[in-house]
Amino acid sequence: MNDEGWRRLHPLSPLVRAGRATIAIFILLVPTLLSGRNASSEYFQLAVVAALAGLGVVSWLVTRWRIDGDDLRIETGVLRRQSLRFPLSQVQAIDIVRPGLARMFRVAELRLRMGGASGDTARLAYLNEHEVEPLRAYLLALAHRGETAEAPLEEAPERVLVQLPTPRLVASILVSDVGMLGEIVLLGLVIGAIVAPGAARAIASTGAAELVAVATLVWRRFNQEYRFSLAQADDGLRLHSGLVALNTETIRAGRVQAVRMVEPLLWRRLGWCRLEVDLAGRQRRKGEGETSGRPIRALLPVGSRALALELLEHVIPDAPQPALRPPSRVRWKSPLRYRFLAWGRSDTVVVTRTGRIRRVTVWVPLEKVQSVRWVEGPVQRALRLATVHLDTAGRALHAALRDRDRGEADAALGDLVRLARAARRAPP
Amino acid sequence: MNEPDWLAPSPRLLTMRRAQVAAGAVGAAVLLFAALVSSTLAGAVIAGVAALVAGAVAQLFVTRRVRAWGYAEREDDLFVKRGVLFARLSVIPYGRMQFVDVTAGPVERLFGLATVRMHTAAAASDARIPGLASDEAARVRDRLAELGESQAAGL
């Protein structure tokens with residue numbers, strides 16, 4: 001095998017990949033090294049660290065990658081040698097991921113999400129920060145042309161659609177469900193501390209785990225959506241966000257299976273909503289992280305209804321609004337849902353609205369509909385109602401024409417099956 | 001929508017389900033009797049008879065549920081209907097089919113039956129036809145595979 005064109009990852013990769021373990025080791029090691037010198041257990045600890053570091057270096061040494069015609073090839077592994085070949089023509093999206101430690105060392109991970117039946121992810125972790133952007137543009141250009149012709153090394157220009165102001169994000173978290181929970185707990189503790197200092201301290205110490213859990217939830221939300229921005233690029237919508245870890249992600253329009261607008265109770269008073277898309281993807285595999293397997297992406301973590309509808313236009317053009325209300329006897333079956341239930345359709349898109357406390361509106365393009373189901377439960381039969389479900393390849397969202405009059409549901413089933421067939425056959 | 005021509009699963013499915021319920025009821029009756037007979041003979045008899053009566057009632061429900069199954073092969077899609085209490089009708093376009101599998105468990109094999117299941121990219125799609133005679137199952141599978149190939153659509 002000739003070594004021509006093979007490249008290695010950044011030398012600091014093993015360090016960054018070890019991530020938090022690295023920090024923990026340093027914290028543990030530094031005090032022992034600074035204090036006494038002659039304890040033999042230190043040599044043992046050092047040996048363990050050295051062995052781990054050695055393994056990291058070896059894994060770095062044996063890993064290499066190259067662009068080989070239309071393929072990205074990655075070779076890795078010592079005992080079980082792997083040679084991976086990713087055809088660039090099947091690339092769905094290329095994301096740049098920068099965890100906190102990677103940012104410290106000025107490196108970044110390039111993640112290529114492949115389409116096709118396998119739906120694998122090619123990871124180049126980690127590359128030099130300066131290298132990543134041009135390489136991404138180059139790979140994308142190759143992916144689009146499917147040939148090694150001269151590719152522009154410049155990133156295609158982006159048109160920024162949304163930039164989330166940090167005060168708005170903070171405010172939205174404060175009035176969200178998780179935020180409210182945290183506030184109530186904190187308020188309770190403060191009042192407790194004033195009224196009975198001893199008791200409050202006892203509660204705080206016993207409930208420490210719960211406090212930490214709530215704080216983590218709030219923090220994760222903030223960290224993930226900090227400085228969120230959405231831009232229109234040539235290859236789709238591009239998302240940037242993150243405080244500690246920076247994420248860049250591209251969503252191709254064709255991958256969107258459904259769009260959802262969520263309006264929680266308190267946000268509704270402020271005229272805010274959240275817009276999310278569900279993407280086609282494989283089933284989550286074992287051991288896969290929450291973020292990589294997460295099928296839902298927020299297009300707008302928080303924003304006005306008008307802005308959300310404007311963004312919706314980018315993803316699903318000419319989206320209808322839910323206008324058809326269910327018959328009033330539905331009050332008996334779904335008393336809480338009744339005020340929100342509605343649906344509507346154009347010839348290519350179906351919209352449904354539901355929710356008990358949150359108002360949830362889901363848009364599904366008919367060309368993405370995988371199957372249609374008509375369901376009638378015992379209570380519905382008594383009230384002459386039925387529900388029509390639209391199933392898509394997205395896993396988190398699904399549209400249901402809930403609790404419609406029997407006759408209307410039957411007619412809708414026929415119409416939707418016919419329209420979905422027409423949408424499927426239409427040239428893209 | 002005009003009513004399609006419904007096909008029903010094999011009559012042997014009803015026999016099989018009834019046999020399963022009967023076996024369950026008799027098994028439960030015997031177990032209850034054996035467990036109680038050492039303490040009270042009367043209680044043991046009553047419990048055993050109650051289990052048998054429950055089994056007999058269950059036969060009625062099973063019959064209705066089995067009769068509710070139906071499928072229809074239309075030009076562009078497959079209809080599958082099922083359920084009594086919760087009535088369902090699934091419409092699966094042939095073009096959305098990813099694969100078809102035919103399974104036959106030990107009990108089904110005993111009765112010469114098989115279950116055909118269609119898979120689409122949506123996890124919620126529920127397209128299962130149980131209790132087809134083996135040759136009918138093979139016919140349905142081949143026909144679905146053929147139609148799926150000719151009408152295949154991307155995601």
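**Close-up views of chains A and B**

**View 1. Where the two domains of chain B meet.** In this predicted model, 7 residues of domain 1 of chain B are in contact with 8 residues of domain 2 of chain B (contact: C-beta atoms, placed from the backbone, within 7 Å). Helix H1 (11–36) and helix H2 (41–68) of chain B each give at least two residues to the side of domain 1 that touches domain 2 (helices are DSSP runs of H or I, at least four residues, numbered from the N terminus). H1(B) brings the largest share of that side, 5 residues. By class, that side of domain 1 holds 2 nonpolar, 2 polar and 3 charged residues (Ala, Val, Leu, Ile, Met, Phe, Trp, Tyr, Cys and Pro count as nonpolar, Asp, Glu, Lys and Arg as charged, the others, Gly among them, as polar).

**View 2. The domains of chain B.** Here you can find domain 1 (11–66) and domain 2 (71–150) of chain B, with bounds from an automatic or database domain assignment. Their centres, taken over C-alpha atoms, are 31 Å apart.

**View 3. H1(B) against H2(B).** These helices pack at about 165°, with axes 8 Å apart (axes are lines fitted to C-alpha atoms over the stretch in contact, and angles run from 0 to 180 degrees between N-to-C directions). H1(B) and H2(B) are therefore roughly antiparallel (angles over 145 degrees). Their contact has 18 nonpolar, 6 polar and 2 charged residues.

**Notes.** Residues are numbered from 1 along each chain as its sequence is written, and chains are lettered from A and ligands numbered from 1 in the order in which they are written. Local features need pLDDT of at least 70, side-chain atom pairs count only at pLDDT 80 or more, and totals for chains, interfaces and linings use all residues.

Key. Parallel < 35°, antiparallel > 145°, perpendicular 65-115°, else oblique.
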